[in-house]
Structure formats: C-alpha cells, structure tokens
Amino acid sequence: MASYTVSGALQRVLFGLQRVSFKSRCHVNTTVSQYSTVYDSNEKTFDKILIANRGEIACRVMKTCKKMGIKTVAVHSDVDSSAVHVKMADEAVCVGPAPTNKSYLNMDAIMKAIKQTGAQAVHPGYGFLSENKEFARRLAAEGVTFIGPDTHAIQAMGDKIESKLIAKKAKVNTIPGFDGVVKDAEEAVRIAGEIGYPVMIKASAGGGGKGMRIAWNDEETREGFRFSSQEAASSFGDDRLLIEKFIDNPRHIEIQVLADKHGNALWLNERECSIQRRNQKVVEEAPSTFLDPETRQAMGEQAVSLAKAVQYSSAGTVEFLVDSRKNFYFLEMNTRLQVEHPITECITGLDLVQEMIRVASGYTLRHKQADIPINGWAIESRVYAEDPYKSFGLPSIGRLSQYQEPVNLLQVRVDSGIQEGSDISIYYDPMISKLVTYGSTRAEALQRMVEALDSYVIQGVTHNIPLLREVITHPRFISGDISTKFLQEVYPEGFKGHQLSDSERRELVATAASVFVVAQIRSQRFLGNLRVSSSQQERRRWELSVELEKGVHAVTVSHSGSACTVDLDGKRMDVSSEWNLASALLPVTINGTQRTVQCLSRNAAGEIELQYFGTSYKVRVLSKLAAVLSKHMPEKVPEDTSSILRSPMPGSVVAVSVMPGDTISSFLQNSPQLVTLTGTFKLLSRQQKYKNCNEPLNNGLLQF
C-alpha cells in the first residue's frame, strides 16, 4: 500500500499551473452566496478527515474541510493516482487496483489507511461504503468517527422491509404492499394478485434503481422476480425481495433532513427528482413546482418523525412518491449525503457537509425549523459521459481531450472531480459533474441552465448535454407538468436530439457557411497579411453549397470585417462574431439574436461539426465548383456488419458459453437463420450479456 503526502507548496504549484481548472472544480461564481461555510475557530471538530470516496463528492467534502481548517486524506485506486481528489488532499493513500471491490470497497485497505495517516474521522460521501453498517461498526470499534448516522439507523433504513415497518409505526404514509420477504416466483404471483397490478418488485437492500422491476401481469411478475433477485444478489449480496403497489405516473419528491445526537431534527424543504431514466435521476430542482405549503409541511414533519424513530443523527433524505392528488407515500430513506444536495444548499444557504461534521463532533444544530428558508430556485443537471441516443444514456468511456466548465457565468456552480486530460473509465460511475444554476425565480434558474449547458465544453467522450438541454427547454418541463415517466412519454421512440425548425435550420446553415468562409480567409493570411497569391485582393463573396441532414442549400456569403451576410433560400441573414476559431466556444449573433455555438471539428474537406441547441450536427460546406465535382466521386461503401456483434456500451465480457464450431440462432435479426460461431463468444440476450470472462469490452467487436 503506497502512501505519500502532498505538501501545501506543491499543491500551490499544481493548482497554480492549472488555475482555471481548479476554479472550475471548486469555485461558485455568484453575486449572492449560494451556501456558506462559517467556521468558528472556537468550535473544535477534527484535525484530519479521511474521505472514503472518489471523484466529485470527494472534492466537495474536501472543499468544506479546507474552509474549516481540517486536513484531508484521499484514498484512491491505482488508476486514480493522478485524479483531482488526490491532488486536492493533504495526503493520499492507494488502497488497491481499479475494481471497486479491491479498492473503494476494500474495508481492510481503508482501515489500514486510517491507521497509517492518523485520521480521526471518515466521511464516506455517497455510494461505496456510505451506507455499509459493517464499515461504520468497524470504525466505531477503532475509535474513529463515522461522519454519518450510527449503525442502527443505517441497518434499519437500509433494509426496505424493516424501514417500511418502522415508517408505519412512526405514522408515515406507506405504499400498500407485502411487508415480508417474498420466497419464490409463485409466491410473488400470489402476492401481486392480492395487491392488484401493477406492482413493483424491488430488492430489500437495494438502491439506485438496481434490483427493481415493474410487473403488469403474472408472467412479468415471474420474470421480474428472477431478474430482480439475480441483480440484487450481484449488486448488494442480498437477494431478498419485497413487492408493493406500483404508483403509476407519480412524482418523485424527497425531503432533506438534518438531525443531531441530542434529539433535534429539521427538514430542509424538498427536492423534485421526477426526471429519471432507469429509476436514476437526471434533472433535479428545489423547491418543487407541485407542492403547496401544507403538503410540504406534512411531508417534512413525517420525514422528521421517521428520523427520530430511528434516532437518526446526520444529514439524510426521505424519499416519497406523490400522486396527482398530492397523496404522498414513503419510498425509502437514504442514510447519507445525497448526490443532489447542492440545490438544497442553494435555497437554504446551509453547507450540509459542514453540518454533518459538526453533528459527528457532538454539537447541537445551530438552527430551528423556523430559520429554514426557501430563497430562490435551484436546478441541477447531472452531466454524464453517456450516449443519450441509446436508452436515454448508456455509458461512454474515453479521455477528456477538451474540457471547460461554464463557471464564468453568474449563479452557476459545478461540482466535479475531473479536469482536461482525465479518463472516464469502465470501472466507475460515468458522472462528469453536477451542473447547478440558481436564480431568484424558476425562470431565471432555467435560463441560466440553458446558457450554462450551451457554454459547457466537453470533448473526447460522448455526453448527455443534448438530452439535458432538451428536457429543461421542453414546454412540459417549463410548465411543471412532469412525472417519473416524463422521458418515456415525451420521447416514446427514444431520444433523437434537437429537432430543428425551419428558422433554426437556416441559422445553422448560415453559421456553418460563415465559419467556412472565415476559415478560408484566415488560411489566406499570415501575420495579418495576405499570403503570396495570384489574386491582388482578398475575396469578399462566396458561392457555396451546404449539406445538412440530407438537404442541400445554395448559399451566397459576403464578408466584411467581423460580419458575414448570408443569402439563403431567398432570405438575408446577418451573422457576426469575433470568429476565434481556436476556441471551442463560438458566440454568434444572427439577425440580432445571440447564440452560443460550439465548433467541435472542421477539416479541409469542408466537413464541420457544430453543437447547436445542445445537439451535434454534421454540416458539409463546399464551393459551388467543388459541389458539382463531388457528384462524380464514388460513394463510400458502408461496412458490412452482418457478421459482427458490436458492444452497445463499455463493459466486461463475463462468460464464454459455447465452443468454437457450435451452431447458434441469430438474435440480431427477425429471421430463423442459423449461423456458425467461429469465435468464442455467444450473444445470450438482446442486452448482450456474457459470463465467466473478465476481459474489458470497450465498444469493441465480437466476430462471428
């Protein structure tokens, strides 16, 4: 196990060299503080805290620790040795190789790191060991403080069956269902029939949408029981399942609670988390557009009642499902800091990490319920390295070749743990950052989110900004008409990106043509002067052909200074900009309307890729003569993929189920055709699952 100390001087050098990256990770550029860490030097807490996590949440915890004058220890896997959270910490300890079960879930290695560094307390962040009662127990046995609730609360709320029974006893509204453990598939069918379809089958020890299935009939119940128990066993080491009534088309609204060790507890208002894919949140906001003061208070009081019932002490979240009539039902309690906690910090002004540290140190809460405000509106978009065109987001991997966070904008907060050059690997969650915007009104916060997403530069990996931007600008979202089925209802055929209107199409064509002309003019000049040319004067008028989405547009561009006049389809468009083509961001003004466009790539063949309204568009711009000649060029023959199986996402091959020469059915086409396997892999299902092999499958090929 390697250990090393990063001196303060070295830190200053590291971050001085990358000042912009440091600011983007830790700076909140606002005119009004979105949350504050008020450090009282007379309030003794801890000298050193180990953060048993990685990425953005580790950086987030370290930020508050530094403000409180607390030294920090980072743990990391060998592939994370140069990660941002490692650089930010005062000390860092390697706890194993890349796989999480050998590093960030390796309790023995982390306990050794605690002893080695002399850390007095551990903040677990979220995920990994944050809700592991055994980890909390081992820390307590060593006299190390766990910055979170005690083992009783973790166990009680971590078991969905037990937590539901406790919630009922605490007079918290619960979803009708079976309170025991379901033994087998046939018992599941019987119970589902008694409850009434649809039902939700979910893992008792689950979370994060894993081990959950919705069943609408007996057959789906049997299948759901099988898949949920398998997923629960592999994800949590516990295959117990429960069944409850599925609330169709609900909202997912959660209450942030904060409690100390002296019996005091507060509710810090709600967070609306209904925009989800695969039961995982995508966009959150605080407060909710749906709740009235009476419902908010009722939910908050029940959340506090549940916290007190288990003698909870720390920050936690009680999640509810809310139907169209504002009836709300307890879903689960997360006994940790929630991913989306920043939006609560924005509207209350509290630093939840600081409050957790104070509570763990034995202090009482500094606030009363009447002190908790709702100031303004905050929205969080989870920026992932995912392909939103595949099931609303399948993981992507790669290196961030260009990365620029929009922290220059007012009231924008970015919580991240990466920087330009960082790798998004197959080993960990593909989250890039949490992008948060704040405003005095919801409309203001939404507008700032649009600007932030347009100005967020991410290159090298596929990301979900196209989906995020479409969600927050959709009329249904703007009006607050949302539910957990929002994505499926709005995009029943899957997400296709921004659909251009006629005026937007003209704007994009005019912008691409202007970029082409400016690039051509720049290539003709050197140090401000024209290169040697047979032409005595710089060309000022261009006749072009622009191809966009199988449409061809005849365009004439006149250039003068920083302005281009574009004649397109009988309409004149004035396009102006500073035209800094070396920058990824390209602010342009089109007929008086300001747009932020990103030039993702361009080449000598006239192929230009622009990010416009969040979506990437490939445009081809040719001179009039080149367009005529291109018609005589042979077309590129598409790749024959009939004998190739492509992995839809990064992952690991975990099974070799057949031998070379075996004959298997083709699952890729609706035909009875048989193929002979000439490799060593077999397609087991439409989800393309493999068993018994640990070799990475990074969007690669399996050849038949």
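**Note on the barrel and the nonpolar cores**

1. In this predicted model, eight strands close into a barrel, and following them round gives the order β28-β29-β30-β31-β32-β33-β34-β35, with antiparallel pairing. From one strand to the next, the twist averages 35°.

2. One pair in the barrel can be looked at in detail: strand β33 (residues 593-602) and strand β34 (residues 607-612) run antiparallel and are joined by four bridges. Within this pairing, Cys 599 stands opposite Leu 610 in β34.

3. Helix α18 (residues 502-523) lies across the strands β28 (541-548), β29 (551-560), β30 (563-568), β31 (571-576), β32 (585-590), β33, β34 and β35 (615-623), and the helix runs at about 130° to β28.

4. Turning to the interior, the largest nonpolar core has 39 residues, and those with the most contacts inside this core are Val 283, Ile 432, Leu 435, Tyr 456, Ile 458 and Phe 477. Among the elements that give two or more residues to the core are the strands β14 (280-286) and β24 (431-439) and the helix α14 (442-454), and α14 supplies the largest share, six residues. Because domain 2 (148-175 + 250-375) and domain 4 (377-496) both give residues to this core, the core lies between them.

5. Ile 458 deserves a separate look: leaving aside residues up to four places away in sequence, Ile 458 touches Val 383, Leu 400, Gln 402, Tyr 403, Ile 432, His 463 and Ile 465. There is also a second, separate core of 38 residues, which includes Cys 65, Leu 268, Leu 337 and Ile 357.

Technical notes:
Residues numbered from 1 in each chain as written. Predicted model: local features only at pLDDT ≥ 70, side-chain atom pairs only at ≥ 80, totals over all residues. Heavy atoms only, no water. Core = buried A, V, L, I, M, F, W, Y, C linked by side-chain atoms within 4.5 Å. Buried < 20%, exposed > 50% of the residue type's maximum accessible area, 1.4 Å probe, protein only. Domains from an automatic or database assignment. Contact = heavy atoms within 4.5 Å. Pairing = 2+ DSSP bridges. Axes fitted to C-alpha atoms, helices over the stretch in contact; angles between N-to-C directions.
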